[in-house]
Amino acid sequence: MKTLNWGIMGAGNIAVKLADALAINVNSKLVSVSSKSMDRAAKFAENYDIKAFDNYQTMLDESELDVIYVATTHNFHYENAKMALENNKSVLVEKPFTVNAQQASELVAIAREKGLFLMEAIWTRYLPSIKHLKALLNTGVIGEVKLFDISFCNIAPSKYLPRLMDPMLAGGVTLDMGIYPITFVNYLMDELPVNVNSQVRLGETGVDEMASYQLQFANKALANINTSMNVLTQNRSMIYGETGYIEFPYFQQGSSFTIHTHDHTNEITKSETIHVENHENGFIYQVAEVVKCINEGQLESDIMPLNETVNTMKMMDDMRKEWGLVYPGEE
């Protein structure tokens, strides 16, 4: 397989995790990083012995790059990814893909017109434990899935609050955290919901600090999801089917889940804990997917297809519209 040269836009914590994952992948080479702060870029580059830039366009012009990882704040994802695509680079965009579906659709159109690979970085989708769970559900391990009950809430560290609460940075819990359980359910169901309802608690700055989503799928399966940036809950997913249920603590990155089965009664007849080890840096799996797809000439991942990314963005747009949450710059 061809070794791909990577560049990173943004030099924050998420970029560090991706850079460490690239160092593990034998078909990837991190070449450069760019940030609006030269000091931040230089410190980042020193740790990885790569080039540092304080201008994204300069990095694109002066580095021999195959793939760009966009790791800037949410509000800049569209602008930065568009710049990379227009400079004929394949792109991995950190979640959320963009601020809204219109931006997402434009990026997809550019990538397809230019024949470039493009993917949203929903890293949890590629974890061995998640893929194994999906395979088991497809075998009917608990019969037809009927209900999801998911909590994904925590108290955000104070250092992240300025970004999370800032409307100018497209802050809020749905784009930052809610997207994980939403895409988790969509992946396991192999489809998008046909009906969506939601409730929200807006914070002092006007962004969503707590939200609940109710999803219904074509087979009438339901999903109840709660997410918050300032409430601590037991983060877990409960998946209920015809003949049992699955309890998955820390579902967004956990390695173990327990299957409880019954004979259409209220008595559990068997419980089995499944353990599938994930690497401590879960980003390695999405890096491997990018490398595989590009080397095989694919323009998108079958595991994280672009149409799903756009339609999930549209679903979140519709929820925000109901809440009256409009980010600066949106019509």
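In this predicted model, the charged end of Lys17 sits over the ring of Trp123, at 4.4 Å from the ring centre. A second lysine, Lys134, lies over the face of Tyr187, 4.7 Å from the centre of that ring. Aromatic rings also pair with one another, and the structure holds seven such pairs. The points below treat these rings, one contact between helices, two buried residues and some backbone features.

**Aromatic rings**

- A pair of aromatic rings is described by the distance of the centres and the angle of the planes.
- Among the seven aromatic pairs is that of Phe152 and Tyr180, which is edge-to-face, with 6.1 Å from centre to centre and 80° between the planes.
- This pair links distant parts of the chain, for Phe152 belongs to strand 7 (residues 145–153) and Tyr180 to helix 8 (residues 173–189), 28 residues apart.
- Phe152 and Tyr180 are both buried.
- The pair of Tyr240 and Tyr245 is tilted, because the ring planes stand at 40°, an angle that is neither under 30 degrees nor over 60; the ring centres are 5.5 Å apart.
- Tyr240 is partly exposed, at 28% relative accessible area, and Tyr245 also counts as partly exposed, at 24%.
- One aromatic cluster is formed by Phe152, Tyr180, Phe184 and Phe251.

**Helix 4 against helix 5**

- The axes of helix 4 (residues 77–86) and helix 5 (residues 101–114) come within 10 Å and cross at roughly 10°.
- Helix 4 is therefore roughly parallel to helix 5, since angles under 35 degrees count as roughly parallel.
- On the side of helix 4, the contact involves Tyr78, Ala81, Lys82, Leu85 and Glu86.
- Helix 5 contributes Gln103, Glu106, Leu107, Ile110, Ala111 and Lys114.
- The residues of this contact divide into six nonpolar, one polar and four charged.

**Two buried residues**

- Asp317 is placed in helix 10 (residues 306–323).
- With a relative accessible area of 17%, Asp317 is buried, because buried means under 20%.
- Leaving aside residues up to four places away in sequence, Asp317 touches Val99, Asn100 and Ala101.
- Ile225 is found in strand 10 (residues 222–228) and is buried, with a relative accessible area of 0%.
- Residues that Ile225 touches, not counting those up to four places away in sequence, include Ile150, Pro181, Ile182 and Val185; Ala211, Ser212, Tyr213 and Leu215 are also among them.
- Ile225 and Asp263 are 38 residues apart in sequence, and their C-alpha atoms are 27 Å apart in space.

**Backbone features**

- Most residues other than glycine have a negative phi, and most peptide bonds are trans.
- Lys95 and Pro96 are joined by a cis peptide bond, with omega at about -15°.
- Pro96 is located in the loop between strand 5 (90–94) and helix 5.
- Ala170 is not a glycine, yet has a positive phi of about 55°.
- Ala170 lies in the loop between helix 7 (161–164) and helix 8, where Ala170 is buried at a relative accessible area of 1%.
- Asp190 likewise has a positive phi, of about 65°, although it is not a glycine.
- The place of Asp190 is the loop between helix 8 and strand 8 (195–202).
- Asp190 is exposed, with a relative accessible area of 56%, whereas Ala170 is buried.

Terms used: Residues are numbered from 1 along each chain as its sequence is written. This is a predicted model: local features need pLDDT of at least 70, side-chain atom pairs count only at pLDDT 80 or more; totals for chains, interfaces and linings use all residues. Side-chain values use heavy atoms; hydrogens and water are left out. Rings of Phe, Tyr and Trp (its six-membered ring) pair if their centres lie within 6.5 Å; planes under 30 degrees apart count as stacked, over 60 as edge-to-face and the rest as tilted. Helices (H or I, at least four residues) and strands (E, at least two) are DSSP runs, numbered from the N terminus. Buried means under 20% relative accessible area, exposed over 50%, partly exposed in between (1.4 Å probe, protein chains only). A charge sits over a ring if NZ of Lys or CZ of Arg is within 6 Å of the ring centre and within 35 degrees of the ring normal. Axes are lines fitted to C-alpha atoms, for helices over the stretch in contact, and angles run from 0 to 180 degrees between N-to-C directions. Angles under 35 degrees count as roughly parallel, over 145 as roughly antiparallel, 65 to 115 as roughly perpendicular and the rest as oblique. Contact means heavy atoms within 4.5 Å. Ala, Val, Leu, Ile, Met, Phe, Trp, Tyr, Cys and Pro count as nonpolar, Asp, Glu, Lys and Arg as charged, and the others, Gly among them, as polar.
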